[in-house]
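Here is a friendly walk through a protein structure, told as questions and answers. Each answer sets a value against the rule behind the word.

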Amino acid sequence: EGITPLMLSCQAGISLTSYLISKGAHPKLKDKKGKSALDFAIKKEDVHLCAYLLPLSDLSPFTVEAAI
């Protein structure tokens, strides 16, 4: 399905996600359904993770606010 380890890390929270990004994971990558790591964070309803990923993603703050 094109899901990356970074997308899966969103279930664990910001520590693992930020670690993977520091090691070169790309937060702008999308799976086959067009979802990015930020979309996974939104689904988890993790506001801190969303705030961390937002500046690294292609979505606007307005999109995230509407989704949460």
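**Asking why the labels fit**

Asp31 sits in the loop between H2 and H3. The model is predicted, so the values below are computed from it.

Q: Why is Asp31 said to have no salt bridge?
A: A salt bridge needs a nitrogen and a carboxyl oxygen within 4 Å. The nearest side chain of opposite charge, Lys35, is 6.1 Å away from Asp31. That distance does not meet the cut-off, so no salt bridge is counted for Asp31, although this residue is buried.

Q: What makes the link between the side chain of Asp31 and the backbone nitrogen of Lys35 a polar contact?
A: The two come to 2.8 Å, and the cut-off is within 3.5 Å, so the pair qualifies.

Q: Which residues does Asp31 touch, apart from those up to four places away in sequence?
A: Asp31 touches Glu1, Gly2, Ile3, Met7 and Phe40.

Q: How do you know that Asp46 and Lys44 form a salt bridge?
A: Their closest N and O atoms are 3.8 Å apart. The rule asks for a distance within 4 Å, so the pair passes. By this rule the count comes to one salt bridge.

Q: Why is Asp46 called buried, while Lys44 is called partly exposed?
A: Buried means under 20% relative accessible area, and Asp46 has 15%, so Asp46 is buried. Lys44 has 34%, which lies between the 20% and 50% limits, so Lys44 is partly exposed.

Q: What makes Glu45 exposed?
A: The relative accessible area of Glu45 is 66%. Exposed means over 50%, so Glu45 fits the word. This residue lies in the loop between H3 and H4.

Q: What is notable about the phi of Glu45, a residue other than glycine?
A: Phi of Glu45 is near 65°, a positive value. Most residues other than glycine have a negative phi. Glu45 takes its positive phi just after H3.

Q: How do you know that Thr17 is buried?
A: Thr17 has 0% relative accessibility, and the limit is under 20%, so Thr17 counts as buried. Thr17 belongs to helix H2, which covers residues 14-22. Leaving aside neighbours within four places in sequence, Thr17 is in contact with Leu6, Ser9, Cys10, Leu49 and Leu53.

Q: Which residues does Cys10 contact, leaving aside neighbours within four places in sequence?
A: Cys10 is in contact with Thr17, Ala37, Phe40, Ala41, Lys44, Leu49 and Leu53.

Q: Which members of the largest nonpolar core touch the most other members?
A: Of its 13 residues, these are Cys10, Ala37, Leu38, Ala41, Leu49, Cys50 and Leu53. At least two residues each come from helix H1 (5-9), H3 and helix H4 (47-53). H3 gives the largest share, five residues.

Q: Which residues of helix H3 (residues 37-44) are buried?
A: Ala37, Leu38, Phe40, Ala41 and Ile42 are buried in H3.

Q: What makes the pattern of this protein α-α-α-α-α?
A: The protein has five helices and zero strands, and reading along the sequence gives that pattern.

Q: How many of the contacts with a separation of 6 or more join residues 24 or more positions apart?
A: Such residues account for 51% of those contacts. As for burial, 34% of the 68 residues count as buried. The accessible surface comes to about 4400 Å², with 59% belonging to carbon and sulfur atoms.

Key: Residues are numbered from 1 along each chain as its sequence is written. This is a predicted model: local features need pLDDT of at least 70, side-chain atom pairs count only at pLDDT 80 or more; totals for chains, interfaces and linings use all residues. Side-chain values use heavy atoms; hydrogens and water are left out. Buried means under 20% relative accessible area, exposed over 50%, partly exposed in between (1.4 Å probe, protein chains only). Helices (H or I, at least four residues) and strands (E, at least two) are DSSP runs, numbered from the N terminus. Contact means heavy atoms within 4.5 Å. Accessible areas come from the Shrake-Rupley method with a 1.4 Å probe; for residues, only the protein chains shown count as cover. Lys and Arg count as positive and Asp and Glu as negative; His and the chain ends are not counted. A polar contact is a pair of N or O atoms within 3.5 Å; within protein, one must be able to donate a hydrogen and the other to accept it, and residues adjacent in sequence count only if both atoms are side-chain atoms. A nonpolar core is a set of buried Ala, Val, Leu, Ile, Met, Phe, Trp, Tyr and Cys residues joined through side-chain atoms within 4.5 Å.
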